[in-house]
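Student: Can we go through the ring contacts and the internal space in this one?
Tutor: Sure, let's take them in turn.

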Amino acid sequence: PRLAHSSPFFVGLRSLRGAGASVQRARQGGSQARVRTSAMGVLGGCCKFSVAIGIVPLSVIVAVFLETPTVLELDAASLEASSSSSTEAAAVGEQSSGSTSGEFGKADAEGFGGGGMFDRIAFVYDSTNKWMSLGLDQFWRKTLVQECLKLEKGDRVLDLATGTADVSLLVGGRLRDLGADTSAGPVVMGLDPSGEMLRRGVAKVEGKGLDGMVRLVKGDAQDLTSVRGIDAAGVLTEPMDGVAAGSIDKISMSFGIRNVPDRAKAFREMKRVLRKQDTSRVCILEFSLPDGEKFLSKVAKTFITKVVPFIGKIATMNSGSKEYEYLERSILKFPKPRDFAAQMTREGLRATSITSFAFGAVHLYAASPV
């Protein structure tokens with residue numbers, strides 16, 4: 001006869017099966033627990049690694065913001081020594097290459113750097129400047145206006161390579177605060193070779209209510225004798241008389257001198273239009289390749305050579321990648337700060353100081369007519 005399911009035999013068998021299942025579940029639970037523990041460990045390690053990686057650029061950004069700019073006062077002897085060495089280097093380079101492209105004092109001659117190039121990237125210029133400078137570009141420009149130009153109520157100011165008029169706006173606002181007299185017309189002239197940049201600049205000037213104080217014109221820093229007016233629609237006037245000799249008290253130029261084909265010629269034009277007086281000033285803000293001797297200087301150098309072209313490519317959706325690659329090359333080819341100051345002095349603009357920002361990536365040159 002069949003054994004009843006309630007017999008001790010079946011009861012024991014079910015107990016053994018239940019015990020086996022419990023052991024199996026316990027084993028599986030232990031394995032899952034170990035997997036979870038291992039996964040949490042890996043995840044925690046990745047998080048710690050990511051935080052560590054993130055701290056490095058964050059620390060660099062904080063260091064740049066907290067950096068105290070260094071000021072180098074220049075004397076005639078040091079400038080003369082730099083002038084001799086840079087002149088010899090230029091001569092050697094010209095003999096070996098047989099070309100003036102890349103020659104000291106001349107910008108790259110590949111069709112980049114002029115008004116046409118900046119017309120193509122004008123739509124992202126302001127925003128990429130902020131990204132590339134970590135938002136410090138306005139601080140550098142304000143330092144130029146407030147500490148270098150030393151504006152006075154009766155000053156007439158020429159802002160070369162004005163672009164979208166950031167410096168012209170700062171100068172115009174400061175002169176308005178000082179009570180500048182504009183009865184004879186605007187006292188600030190912003191000049192640039194790019195019509196598209198100027199068109200945007202005119203809109204900004206009008207938006208700030210400074211159109212009676214600031215006037216933007218299209219022209220060439222190498223020849224200031226003729227300019228063309230422009231409005232917010234980008235319509236140009238016929239050529240007209242430019243900047244008269246001895247008519248300007250202060251000249252500013254931000255991130256533009258390295259794009260001028262012949263810098264010496266631009267310097268001579270600056271000297272021509274400046275009034276020969278003790279208060280006359282030339283203030284030039286420009287990028288430079290850091291020496292890379294210290295860690296943060298190396299970081300700044302890498303940022304210029306790697307990050308700047310990448311940001312330009314992303315910002316323009318690849319349409320302006322070549323233009324931003326040119327900007328990187330123009331920084332690489334730009335003279336060392338002392339050599340550049342020496343060139344200014346040779347052309348009649350005596351460099352008096354160099355202020356260094358961003359661990360050597362940006363320099364502000366102050367000069368006066370000799």
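**Rings and a cavity**

Tutor: Keep in mind that this is a predicted model. F139 is partly exposed, at a relative accessible area of 42%.

Student: Is F357 buried or exposed?
Tutor: The cut-off for buried is under 20% relative accessible area. F357 comes in at 1%, so that residue counts as buried.

Student: How many aromatic pairs are there, and what kind is the one between F139 and F357?
Tutor: The count comes to seven aromatic pairs. For F139 and F357, the ring centres are 6.1 Å apart and the planes sit at 90°. Planes over 60 degrees apart fall in one class, so this pair is edge-to-face.

Student: How many residues apart in sequence are the parts that the F139 and F357 pair ties together?
Tutor: F139 belongs to helix α4 (residues 137-149). F357 belongs to strand β9 (residues 349-357), so the separation in sequence is 218 residues.

Student: Which residues do ring pairs link into a cluster?
Tutor: F139 and F357 both belong to that cluster. Ring pairs join them with others, giving F139, W140, F255, F287 and F357.

Student: Now the empty space: which elements give two or more residues to the lining of the largest cavity?
Tutor: The search finds one cavity of 30 Å³ or more, and the largest cavity holds about 80 Å³ of space. Its lining includes Y125, N129, D166 and V167. The elements giving two or more lining residues are α3 (115-132) and α5 (166-178).

Student: How do the lining residues of the largest cavity divide by type?
Tutor: R141, D159 and D166 are among the lining residues, and Asp and Arg count as charged. The full split is three nonpolar, five polar and three charged.

Technical notes. Residues are numbered from 1 along each chain as its sequence is written. This is a predicted model: local features need pLDDT of at least 70, side-chain atom pairs count only at pLDDT 80 or more; totals for chains, interfaces and linings use all residues. Side-chain values use heavy atoms; hydrogens and water are left out. Rings of Phe, Tyr and Trp (its six-membered ring) pair if their centres lie within 6.5 Å; planes under 30 degrees apart count as stacked, over 60 as edge-to-face and the rest as tilted. Helices (H or I, at least four residues) and strands (E, at least two) are DSSP runs, numbered from the N terminus. Buried means under 20% relative accessible area, exposed over 50%, partly exposed in between (1.4 Å probe, protein chains only). On a 1 Å grid over the protein atoms alone, a cavity is a set of points where a 1.4 Å probe fits but cannot get out, and a pocket is an open set with protein on both sides within 12 Å along at least five of seven lines; lining residues have an atom within 4 Å of a point. Grid points are joined across faces, edges and corners, and a volume is the space filled by probe spheres set on the points.
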